[in-house]
Amino acid sequence: MKRIAILGAGGHGKVAADIASLCGYSEIVFLDDNDAVKNCGPYPVIGKNAIANSLGCDLFVAIGNPMVRRNLMEKLESVVTLIHPNAVIAKNVTIGNGVIVMAGAVINPGTSIGEGVIINTCSSVDHDCEIGNYVHVAVGAHIAGSVRIEDSTWIGAGATISNNVNICENSVIGAGAVVVKDIWRPGVYIGIPAREKRKDMHTESISFGRS
Ligand SMILES: CC(C)(COP(=O)(O)OP(=O)(O)OC[C@H]1O[C@@H](n2cnc3c(N)ncnc32)[C@H](O)[C@@H]1OP(=O)(O)O)[C@@H](O)C(=O)NCCC(=O)NCCS
């Protein structure tokens, strides 16, 4: 029997569980540090993240925040990658540990995907891209060919990254943005073409959400 424990019983975890089930895991449980969360969809929360290694089963971290995801993953012993059966992944693609590739996603040849990356629903990463560790390509975002995205950057829903563009680490590309030039300074970039969001527009700290 294939057993997996998913860390993070939120919306992202719910999708991860669905993919795990499609990948043949017949027993799925959740871990979450919030005592109030007792289940995630039909699956039980059986304890806190700290017990993960003692379970002796496959593990997956389903937490949107890249820093939290990285901190947890670095402590875990048997993290797996989950790929939805209806994702399309070319032959010449390398994919790291702890990655999730969701339904309808397309990854084209020559691309490398780092560790702990989220390739979300119906997003695409074209040929010869280099996607760093803990990057999140959100739902419906499109990365054109030969793009380099450094660690922990979040590409928002429906954003487009033009070909041959480099994006530095720890950046946030807002939903619907179109990035046409290299981004060298970590920050929040929005609009078409994407420009750095002014500090005085920032009303509260950015939430990476759970999906
Ligand atoms: C870019 C983003 C991170 C900014 O968040 P924030 O700092 O909390 O920004 P606010 O919501 O306070 O908005 C500040 C201003 O920026 C504008 N703005 C925010 N996001 C924008 C976007 N993606 N494109 C254009 N303008 C945007 C707001 O309309 C607001 O403008 P105003 O001051 O004229 O009213 C966020 O809006 C975003 O796009 N997140 C991506 C969400 C996503 O893709 N989720 C995917 C889950 S799979």
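1. Start with Ser152 and its neighbours in this predicted model. Leaving aside residues up to four places away in sequence, Ser152 touches Pro66, Arg70, Asn133, Tyr134, Val135, Asn170 and Ser171. To find Ser152 on the chain, look in the loop between strand E17 and strand E18 (154-155).

2. Is Ser152 buried or exposed? Its relative accessible area is 7%, and since buried means under 20%, Ser152 counts as buried.

3. Now step back from that loop to strand E17, which belongs to an open sheet of 5 strands. Reading across, the order is E8-E11-E14-E17-E20, and the pairing is parallel. Which strands sit at the edges? They are E8 (94-95) and E20 (166-167), each of which pairs on one side only. As a general reminder, strands of a sheet pair through backbone hydrogen bonds, and this can be parallel or antiparallel.

4. For a close look at one pairing in this sheet, take E14 (residues 130-131) with E17 (residues 148-149). These two run parallel and share 2 bridges. If you want a residue pair to click on, try Ile131, whose bridge partner in E17 is Ile149.

5. Next, go to strand E1 (residues 3-7). How many of its residues are buried? The count is 4 of the 5, so E1 is largely enclosed by the rest of the structure.

6. E1 has parallel partners worth tracing. One of them is strand E2 (residues 27-31), joined to E1 over 5 bridges; here Ile4 has Ile28 of E2 as its bridge partner. Another is strand E5 (residues 58-61), which runs parallel to E1 and is linked to it by 4 bridges. In that pairing, Ala5 stands opposite Leu59 of E5.

7. While you have E1 and E2 in view, follow the chain through helix H1 (residues 11-22) as well. Together, E1, H1 and E2 make a β-α-β unit, and its handedness is right-handed.

8. Last, have a look at the largest pocket, which has a volume of about 150 Å³. Which residues line it? One stretch of the lining is Val179, Val180, Lys181, Asp182, Ile183, Trp184 and Arg185. The lining also takes in Tyr189, Pro193, Ala194, Arg195 and Glu196. Sorted by class, 7 lining residues are nonpolar and 5 are charged, with no polar ones.

Conventions. Residues are numbered from 1 along each chain as its sequence is written. This is a predicted model: local features need pLDDT of at least 70, side-chain atom pairs count only at pLDDT 80 or more; totals for chains, interfaces and linings use all residues. Side-chain values use heavy atoms; hydrogens and water are left out. Two strands pair if DSSP finds at least two bridges between them. On a 1 Å grid over the protein atoms alone, a cavity is a set of points where a 1.4 Å probe fits but cannot get out, and a pocket is an open set with protein on both sides within 12 Å along at least five of seven lines; lining residues have an atom within 4 Å of a point. Grid points are joined across faces, edges and corners, and a volume is the space filled by probe spheres set on the points. Ala, Val, Leu, Ile, Met, Phe, Trp, Tyr, Cys and Pro count as nonpolar, Asp, Glu, Lys and Arg as charged, and the others, Gly among them, as polar. Buried means under 20% relative accessible area, exposed over 50%, partly exposed in between (1.4 Å probe, protein chains only). A crossover is right-handed if, with the strands pointing away from the viewer, the path from the first strand over the helix to the second runs clockwise. Contact means heavy atoms within 4.5 Å.
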